[in-house]
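Colleague: I would like to go through this model and hear the reasoning behind the labels. Please show it first.

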Amino acid sequence: MGVDIGGTKTEAVAVADDGSVVESVRLATGFGPRAVVASTVDAAASLAAATGLRLSDFATIGVGIPGAVDAATGRVSHAINLGLDHLPLGAELAERLGAPVRVENDVNAAALGAFHLFEQPATASMGYLNLGTGLAAGLVLRGELWRGARGGAGEIGHILVDPAGPLDLDGQHGGLEVVASGSGIARQWGRGNGNAVSAVLDAADSGDAEALEIRRRLYEGVAAAVRILVLTVDVDLVVIGGGISSLGDRVMGGVGEIFAAWGAQSPFIFSLGIADRVRLLPEGAPVAALGAAHLGGISWPK
């Protein structure tokens, strides 16, 4: 069983031994520690009922959740959109479900899910680039998640690409997250309450000067994020997911032009074949829940 706790919905999937998703359920996510635990328990119980199994019948139960996650203890902190700070989620879920539980950051879980979805060999390495409300990456190296010394691996949204660019919430100018995430583009655009990325692209198509500049930074930011993953880790594949990825060619067409321009300018960059390594996540693929189901390993309480 894999559970993806999102800001508005919690999705649970049952994964068979062959990696296929055999059942799934979606419920609204609660807000605050008690409500988040309760909605996660409800999702797990509903999934078990839908499959006709008991919770103890599942080989593993994994959970992906936003925020800073200590994968060794299952403690979650700084999950602001869920109203969570310093919650021992792994231990609480294990007690409520009566079964071992593993907890991981949602982008890391999605990276592992994408690795399995694209059926990569065990020796392969992959970067998962999440272009959603924020921007972050997950790394799967030789089939295993790479979290880094302090869990910060993949936090590339804080890498500066334009020191003269717009100010991000982390106090830096021109970070990847402010130029190539939904929230960053919304702050730059500052108009309306709808989908800011689509609004900017529409306005740019109509010739709006401000939108054209924001769109340029978006294309360059996405391209830079992919290049960073290739140049630093030399991954076999970069899978792009998140809400912005669902716009498909409206974004990736411009990103592809930047890859081509880089290759024309630099034989070295051309030799890397960056564009050939990029794949878009199929729309609606439950990769965070799928990856959570593949976590296995550590359980609580110890």
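Modeller: Here it is, and note that it is a predicted model. Start with strands β8 and β11: five bridges join strand β8 (residues 125-131) to β11, and the two run parallel.

Colleague: How do you know that β8 and β11 pair?

Modeller: Two strands pair if at least two bridges are found between them. Five bridges join β8 to β11, so the pair qualifies. One position to look at is L129, which stands opposite I240 in β11.

Colleague: What joins β11 to β12?

Modeller: Three bridges join β11 to strand β12 (residues 278-280), and these strands run parallel. With at least two bridges required, they count as paired. In β12, R279 is the bridge partner of V239.

Colleague: What makes strand β11 "mostly covered"?

Modeller: Buried means under 20% relative accessible area. In β11 (residues 237-241), five of its five residues are buried. L237, V239 and G241 are on one side, V238 and I240 are on the other, and all are buried, so both faces are covered.

Colleague: Why do the residues fall into two sets like that?

Modeller: In a regular strand the side chains alternate between the two faces of the sheet.

Colleague: Just before β11 there is D234. What is notable about its phi?

Modeller: D234 has a positive phi of about 55° and is not a glycine. Most residues other than glycine have a negative phi. D234 is in the loop between α7 (209-233) and β11.

Colleague: Why is D234 called partly exposed?

Modeller: The relative accessible area of D234 is 48%. Exposed needs over 50% and buried needs under 20%. The value for D234 meets neither condition, so D234 is partly exposed.

Colleague: And H78: is it buried or exposed?

Modeller: H78 has 53% relative accessibility. The cut-off for exposed is over 50%, so H78 counts as exposed. H78 also has a positive phi, of about 60°, although it is not a glycine. Its place is the loop between β6 (75-77) and α2 (89-97).

Colleague: Why is R102 called buried?

Modeller: R102 has 9% relative accessibility. Buried means under 20%, so R102 counts as buried. R102 is found in strand β7. Its C-alpha atom is separated by 8.8 Å from that of A72, and these two residues are 30 residues apart along the chain.

Colleague: Which sheet does β7 belong to?

Modeller: β7 is in an open sheet of five strands, with the order β3-β2-β1-β4-β7 and mixed pairing.

Colleague: What makes β3 and β7 the edge strands?

Modeller: β3 (21-28) and β7 (102-105) each pair on one side only. From one strand to the next, the twist averages 20°.

Colleague: Which helices lie against this sheet?

Modeller: α2 packs on the sheet and touches β1 (2-5), β4 (62-65) and β7. The direction of α2 makes about 140° with that of β4. Helix α3 (residues 106-117) lies across β1, β4 and β7, and runs at about 100° to β7.

Colleague: How do you know that β2 pairs with β3?

Modeller: Strand β2 (residues 9-15) and β3 have seven bridges in the antiparallel sense. The requirement is at least two, so they are paired. V15 has V21 as its bridge partner in β3, and V13 has S24. The hairpin of β2 and β3 has five residues between the strands, and G19 there takes a positive phi near 90°.

Colleague: What joins β1 to β2?

Modeller: A hairpin does, through three residues. β1 and β2 pair in the antiparallel sense over four bridges, and I5 stands opposite T10 in β2. As for burial, five of the seven residues of β2 are buried.

Colleague: One last label. Why is R191 said to lie over the face of W189?

Modeller: R191 is at 3.8 Å from the ring centre of W189. The distance part of the rule asks for within 6 Å, so R191 satisfies that part. The rule also limits the angle to within 35 degrees of the ring normal. Likewise, the charged end of R227 sits over the ring of W262, 4.0 Å from its centre.

Notes: Residues are numbered from 1 along each chain as its sequence is written. This is a predicted model: local features need pLDDT of at least 70, side-chain atom pairs count only at pLDDT 80 or more; totals for chains, interfaces and linings use all residues. Side-chain values use heavy atoms; hydrogens and water are left out. Buried means under 20% relative accessible area, exposed over 50%, partly exposed in between (1.4 Å probe, protein chains only). Axes are lines fitted to C-alpha atoms, for helices over the stretch in contact, and angles run from 0 to 180 degrees between N-to-C directions. Contact means heavy atoms within 4.5 Å.
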